[in-house]
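Here's a quick look at charged pairs and one polar side chain, written for someone who likes to see the distances.

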Amino acid sequence: MVKAAQLIVKFKPGVSKENRGRALGKAKAEERNMLWASDAAGATGGDLVLVKLTDNKSKRVGMKAAAKDITQDPDVEYVEPNYIYTTSQTNDPRLGELWGMLAAGGGANATGAWASGFTSCNDVVVGVIDEGIQVTHPDLAAAMWTNLREVAGNRRDDDGNGNVDDVNGFDFVSRDGSVYDGGSLDTHGTHVAGTIGAVGNNGLGVSGVCQSGLKMISAKFIGRRGGSLADAVLALNYLLDLKTRYNLNMVATSNSWGGGGYAQSLFNAISAHNTAGILFVAAAGNDARNTDVSVSYPAGYNLPNIISVGSINSNGAISSFSNFGANTVDLFAPGGAILSTWPVNSYASISGTSMATPHVTGAVALYAAAHRQMRGSWPTAAQIKAAVMDTGVYDAAYDVSEVLRWSCSDLRLNASIASTRG
């Protein structure tokens, strides 16, 4: 699906505002939002702009014609639709236990890392690109990042990053600093956050892979009607700016969402994270299909910082809904009936590659902290990804034959990487 009457336009370097307006005028379009200015930190090339068609070209055929008109301008690099993304959970919630953290069956054995003394993800930051998070949840509040340069609620952009009141992150759907919209909203993002970093050993509910020390930034771009490509790009660029601006040790983002076709703007935004040393952990999708044949984005982009995650059940079998692919899915992780945090101040069990993804994100953060603890330095993104892949648990069931393989590695996650490869 795509947003009606909206396009994303990438201009070539050095194009003035006047010339941008001239190019868009050919299709009777106007700028709605600057997604990535050419002079922003980490930017490459020209300006990336979300535009709105002001004429009667909101139908798909009209949008294609408008895109063609704009593309023909010599100042334009590319034009693409503003895709809509949805979360990657199934609709089969049920109660369960924290089997995904255990060593038995298909569990990721986070308990093995904890037993070896690796429980803290101190000084590690991850971005949760998703719905929002109930930042006041008793099991999550201590794990939320706080922007000390912002004064909450004063309606000012105190730190000058272009986002007002971004104390725990930013809501790119409502364009405000409130990443939790109350009541039963933002369930998916809250559930994902709990698996990554719900506080452990506090006598409450559940524990994330990281039991303490971790800080999560909410980059909310998905609302009740899904999330747009434009807002996904804004969320990625926001996190990249925070890492650069405040020298945050942001090792990864967690991305339990997908949809749409190939988008150059999203590819470029993820690639910029690769350059900055940020891993992009992504849900492989819930269509039970071979993504080597029919690619699922964003997990399917060919970039070295992406870890594409499929789902397994408590017995280690691949979940019936999970996508797979010998070239497009890196490994599997617990995703069936996963219990985690839920608004308001509650807990729930749901399933999906959305639930598998944060297990890997948490393991990435825990390994990064353990590496510094044992070796005195932070690992690179490439080193972290290699550790995740090298220490995974091989399962012959994922390697059916030379012709049909379920993933690149035929592995499931081993979250106790810290105790074996620190």
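What follows covers the salt bridges and then Asn-323 in this predicted model.

Let's start with the charges. Side chains of opposite charge can pair when their charged atoms come close. In this model the count comes to twelve salt bridges, and three of them are laid out here.

| Salt bridge | N to O distance |
|---|---|
| Asp-73 and Arg-22 | 2.6 Å |
| Asp-123 and Arg-372 | 2.9 Å |
| Arg-289 and Asp-287 | 2.9 Å |

Take Asp-73 and Arg-22, whose closest N and O atoms are 2.6 Å apart. That pair links distant parts of the chain, 51 residues apart: Asp-73 sits in the loop between α2 (60-71) and β4 (76-87), and Arg-22 in helix α1 (residues 17-25). Asp-73 is buried at 1% relative accessible area, while Arg-22 is partly exposed at 37%. Both belong to a salt-bridge network with Lys-26 and Asp-75.

Now for Asp-123 and Arg-372, which also meet in a salt bridge. Asp-123 is in the loop between α3 (110-115) and β5 (125-130) and Arg-372 is in helix α7 (residues 353-375), so this pair ties together parts 249 residues apart in sequence. Asp-123 is partly exposed at 42%, and so is Arg-372 at 29%.

Arg-289 (25%) is partly exposed, as is its partner Asp-287 (46%). Arg-289 also leads to Asn-323: its backbone nitrogen lies 3.1 Å from a polar atom of the Asn-323 side chain. Asn-323 lies in the loop between β12 (306-312) and β13 (331-334) and is buried, with a relative accessible area of 0%. Its contacts include Asp-287, Arg-289, Gly-310 and Phe-332.

Conventions:
Residues are numbered from 1 along each chain as its sequence is written. This is a predicted model: local features need pLDDT of at least 70, side-chain atom pairs count only at pLDDT 80 or more; totals for chains, interfaces and linings use all residues. Side-chain values use heavy atoms; hydrogens and water are left out. Helices (H or I, at least four residues) and strands (E, at least two) are DSSP runs, numbered from the N terminus. Buried means under 20% relative accessible area, exposed over 50%, partly exposed in between (1.4 Å probe, protein chains only). A polar contact is a pair of N or O atoms within 3.5 Å; within protein, one must be able to donate a hydrogen and the other to accept it, and residues adjacent in sequence count only if both atoms are side-chain atoms. Contact means heavy atoms within 4.5 Å. A salt bridge is a side-chain nitrogen of Lys or Arg within 4 Å of a carboxyl oxygen of Asp or Glu. Lists of a residue's contacts leave out its neighbours within four places in sequence.
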